[in-house]
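Let's take a friendly walk through a protein model, one piece at a time. Keep the sequence and the 3D view side by side as you read.

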Amino acid sequence: MALKASALCTLSILVILFSPSFATFPNPASVFNSESICKLTPHADFCKSILPSDKFATIFDFGKVSMQQSLLHAHSFLGAIKYFLRLPSTSFLSTIRALQDCQFLAELNVDFLSYTLQRIKSDSLDTFLADDLHALLSAVLTNVQTCIEGLEATPSASSIKNGLLPSVSNGTNFLSVSLALFRHGCVHGFIKSLTGRNHVFSNLVNGRDSPLPLIMSDHDRAVYESASRQKHVRADEEGKDKGVSVSQIVVVNPDGSGNFTTINEAVAAAPNNTGDSNKYFLIYVVAGVYKEYVNIPKKKQNVMMIGDGINKTIITGNRNFVDGSTTFNSATFAVAGKGFVAVNITFRNTAGPSKHQAVAVRNGADMSTFYRCSFEGYQDTLYAHSLRQFYKECDIYGTVDFIFGNAAVVLQNCNIYPRLPMPNQFNTITAQGRTDPNQNTGISIHHCVIRPADDLVSSNGMTKTYLGRPWKEYSRTVYMQSFMDSLIEPSGWSEWAGNFALDTLYYAEYKNMGPGSNTGSRVQWNGHHKDISESEADKFTVSNFIDDDPQRAKRITIIAVCSCLLVAMVIVVAVGVNIDDDDSIEKKDKDNKNSRAYVSKKAIESICKPTDFKKTCEEEIGAEAGNATDTNDLIQAAFKAAMKFVSRAAQNSTTLRNLQKDPRTKKALDICIQLMTYSINELQKSFNKIDRFELPMLHEILADLRIWLSATITNQETCIEGFKNTTTDAGEKMKKALNISMQLSRNGLAIVTELSKGFHELNVEGIQRRRRLLGKKEVTVIGGKPKSDLSSIFSRRLLQANQDTQNGVKADVVVAKDGSGGFNNIKDAINRIPLNATKPFVIYIKEGVYEENLEFGYRMINVMLIGDGKEKTRITGHVNNADGIPTFRTATVAVNGDNFFAKNIGFENSAGAAKLQAVALMVTADFSVFYNCSMDGYQDTLYVHSKRQFYRDCTVTGTIDFVFGDSASIFQNCTFLVRKPLDGQQNAVTAQGRSDVRQPTGIVLQNSRIMAASELVSLKNKYPTYLGRPWGNFSRTIIMETYIDDLVKPDGWAIWDGSWGLSTCFYAEFNNYGPGSNTTSRVKWPGIKNFSMENAVDFTPGSFFIGGDSWIRARNVPYTVGFFKNNVQQKAQ
């Protein structure tokens, strides 16, 4: 069984702990401060500047923070590149090519970092996955370095270089820190198994003339045997462990007798994004000379290309640096698609030595294999650019640095032929480009033969040939058990430039043979190891250096026993795909329609049927999903498309911000960047949820998806809202940039809502679903079954009295104004919160007025604040909109981390009515609970921004829209005190912001009191007060079982702007009482609902909080799951 990374991370941390520099940590079990963690990185000072100072967390969590910042920087850098590409001054072709290379590499980096962040949300990384992510992070650094080199080699790009290179340097530091923390936290100390993971064809020992053990259908076998003119070896003849499965075969033949006449046409026909499959799309390339530049893009995964043999199937080109190509785009054959395999093909670049850099093959494909291939060129023949690569029984020809790059690459049983270079040049076989000591990269040459090519043999013998030279500071190359002919210089290795990298490189030799293998006269550099041990050499074998597992199980998205049922339900309820019978599909094939593509198209159309933006839905899912037909894959494609466009919006925000001078606009764009990052996180969570859901929890899972997708919509709306009162056109540009992402977010919500509706109607046994409270009475619940580890923290003793907070359960940190705690301000205590904690972190805040503006970050989850009382422990600020601050940034306290809990705290914004919007508390955290707290302000006091929130026994004071936002929020037994506004103003208790009818959001006031504050009592007839007004077009507010005093006007509800939202809002009152509760004279808008008990029950906590209410029960606060009136109140014993 694969070792779990969480255990290994802990093991490596314990090793670090017992080193002298870590001997004084206050919590040696798992957490450190950033200064100590940063000592593990190559850029300690920079690391300390980007990680929170004085914060304690695990190395793994610090790594996540650093990677998130790396991703944001990658988005920003990509946006900057696109900006320069659009400039009319970018006219030189060489400059454009260099920038295009940078764009390609920057897009890869965004993908790699996004994927890495998605996968490290869980600490349970197995060894293989940790290695995969390590390879991706190493490649991200390589991509940045490649971009730098392309720009630096382009003289005409000086102004662009001046604009980009400082940012690139900063980005390199971000990435280096992220890589170091990941390696030390999750990879360092891994012990790899030597079995169970084999590279494609790595086990073949029958020589170059042996047939390949391919597993394919009878039809494909016949095609293969006809094209190759040799009998196919069945898998059962060679052994299943050596067999390679083929899903489909196509033939390329210049004479037109195959499926295609060019290789690029065949590549285009390959399905997209099939990397999770263990089957290959096989392109058989019949003998011939193919003069084309072939590109295997990232989305073309598991492509296998087989030719008729070396010097029979030839792909050739002549692009080169001298004639204006960058080294990167000079390649005749370029591959980025994961799992690529090439067999029996010659790749050439015929530019010649006088044209300098001229690449035959550039390989950036992870887990790629070249078998029985030939690479022919001069300088820079084989560009092993990045990720993990394997070459077996291949021939490589060249002169200067002709095997170069920064991949983790093994060449096994290959022939390496140095050629005759230009006069006064010398040959170097390798130039390895490792720039960071934590990269997993290097060149391993194992069981190979190094002999001179014919032209070098017939020369005068004056050309010197070296094993390699250090292209970059941490260059790493190892030769093992290889034959070295006499052409190799006795010193073995060449310098790059003076003493550069001679101490930091790693060059090693192990048990080589032949006249050039004697190490007695080798260079005396500190980085050269002339005779390493067997155990050291073993690190650079295929199984340890570039391990792969072609038999990795395809991800399971549905538990097997119910998979047929689930697929059937999805088709019937949500998709409605009409599956054609075999005859119908066969007929479509005869009509020249690809059956897989046709079925995929129909599935996508059906998935998109409930959406409001069908064209966008079909186009973008189609672009992401290729020809996928699996429903889960298509839904994930919808989320992925939304992520892509939200990411672009984030890039746009960064680019616009860097160009802005208006302070208000800059602040608005900062908010957009933050919210787009949150949206990407929500979409990634949604993507992951679909990937791993279990049928019994289906209702809860779909509920989570609806909430998270709703939050992405709210985030984008808030971004646009921030541009009010700005004087630039950035708001319009941002709105345009968000157009498609908003459509895709709403489409995703529509799809999941339809699924949820369908499953609810099916009433499948075994699926958990929400409680329908059809009775007239419901019992008050105090406590209930705790969730996770909350039961020990949220004990009755803890919540009963102030002294119990200190004496009953020990707080993690104590804040006291008088110095009796560990901190005298809350901000310093917040810096101690561990990120992504699985257990509650308790902060006890003693009595006092704390004048601070606080933000609990997105990864500060499971935080608990306990005060001495809402009138005793007060947190106050006065930031406001009138002073030029966007509403989103005015909050005295902002809570963004899920599972937040506060008790006995007062939150205040004291700016006053004249300062307009001034938020006391803003909450974007899912599963947040506030008990016995107060939120005091004037306009916009409590910003219930998004997700699920519960308030019990709280007091909220304010004037205009003083409870507003677009969360799913319930207030039980709370008091709403309306204050005196400015002259000419009117009060509105709520302003709910739902913008899409499918959002599961709304504000519910239950068993509460709406009354005038003392300052308004005598003036309540002068200042009209309303229950609410429609901020969002589908605004939804329900008030039930609540006392409404006579300050509320008889018409009850106020307009926002003309007829806006009056027909589409959802406002309801049920079983209220008091002089202001009479509904006879209420407004008669279509959006005003008449409620019965059966309607109202859907807005009690047990029903309204989709996905269940266990998160409230776990808090052990007084809680009524259904109705209050005539209830039997039962206390938990």
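## Two annotated positions

In UniProt, an unreviewed entry carries the annotation "active site", and it covers Asp401 and Asp961. Please keep in mind that the model you are looking at is a predicted one. An annotation of this kind may also be inferred rather than shown by experiment. With that in mind, let's visit each of these two residues.

## Around Asp401

Find strand E19, which spans residues 400–405, and you will find Asp401 in it. Is Asp401 buried or exposed? Its relative accessible area is 4%, and buried means under 20%, so Asp401 counts as buried.

Which residues does Asp401 touch, if we skip those up to four places away in sequence? They are Asp380, Thr428, Ile429, Thr430, Ala431, Arg469 and Trp496. Take a good look at Thr428: its side chain makes a polar contact with the side chain of Asp401, at 2.5 Å.

## Around Asp961

Now move along the chain to strand E46, residues 960–965, where Asp961 lies. Asp961 has a relative accessibility of 3%, so it counts as buried.

What surrounds Asp961, once its neighbours within four places in sequence are left aside? Its contacts are Asp940, Ala988, Val989, Thr990, Ala991, Arg1029 and Trp1056.

## The sheet that includes E46

Strand E46 also belongs to an open sheet of seven strands. Reading across, the order is E34-E37-E40-E43-E46-E49-E52, and the pairing is parallel. Why is one side of E34 and of E52 left without a neighbour in the sheet? Strand E34 (854–856) and strand E52 (1025–1028) stand at the edges and have a single partner strand each, so nothing in the sheet flanks their other side. On average, neighbouring strands here are turned by 10° against each other, with direction ignored.

You can zoom in on one edge of this sheet. There, E34 pairs with strand E37 (residues 893–895) in the parallel sense, over three bridges. One residue to look for is Phe856, whose bridge partner in E37 is Val895.

## An eight-strand sheet

Another open sheet has eight strands, in the order E6-E9-E12-E15-E18-E21-E24-E27, again with parallel pairing. Its edge strands are E6 (288–290) and E27 (483–484), and each of them pairs on one side only.

Let's step through part of this sheet, strand by strand. Strand E9 (residues 313–317) runs parallel to strand E12 (residues 346–349), and four bridges join them. Here Gly317 stands opposite Asn349 in E12. Next, three bridges link E12 to the parallel strand E15 (residues 374–376), with Arg348 opposite Glu376 in E15. Three bridges then join E15 to strand E18 (residues 395–398), also running parallel. Glu376 appears again in this step, since its bridge partner in E18 is Tyr397.

## A helix with two faces

Finally, turn to helix H21, residues 730–737. Its buried residues include Ala730, Gly731 and Met734. They cover an arc of only 100° around the axis, so they sit on the same side of H21. An α-helix has 3.6 residues a turn, so residues three or four places apart point the same way.

What does the face turned away from the buried side of H21 carry? That face holds the exposed residues Glu732 and Lys736.

Notes: Residues numbered from 1 in each chain as written. Predicted model: local features only at pLDDT ≥ 70, side-chain atom pairs only at ≥ 80, totals over all residues. Heavy atoms only, no water. Pairing = 2+ DSSP bridges. Axes fitted to C-alpha atoms, helices over the stretch in contact; angles between N-to-C directions. Buried < 20%, exposed > 50% of the residue type's maximum accessible area, 1.4 Å probe, protein only. Contact = heavy atoms within 4.5 Å. Polar contact = N/O pair within 3.5 Å; in protein donor to acceptor, adjacent residues only side chain to side chain. Arc of directions from axis to C-beta.
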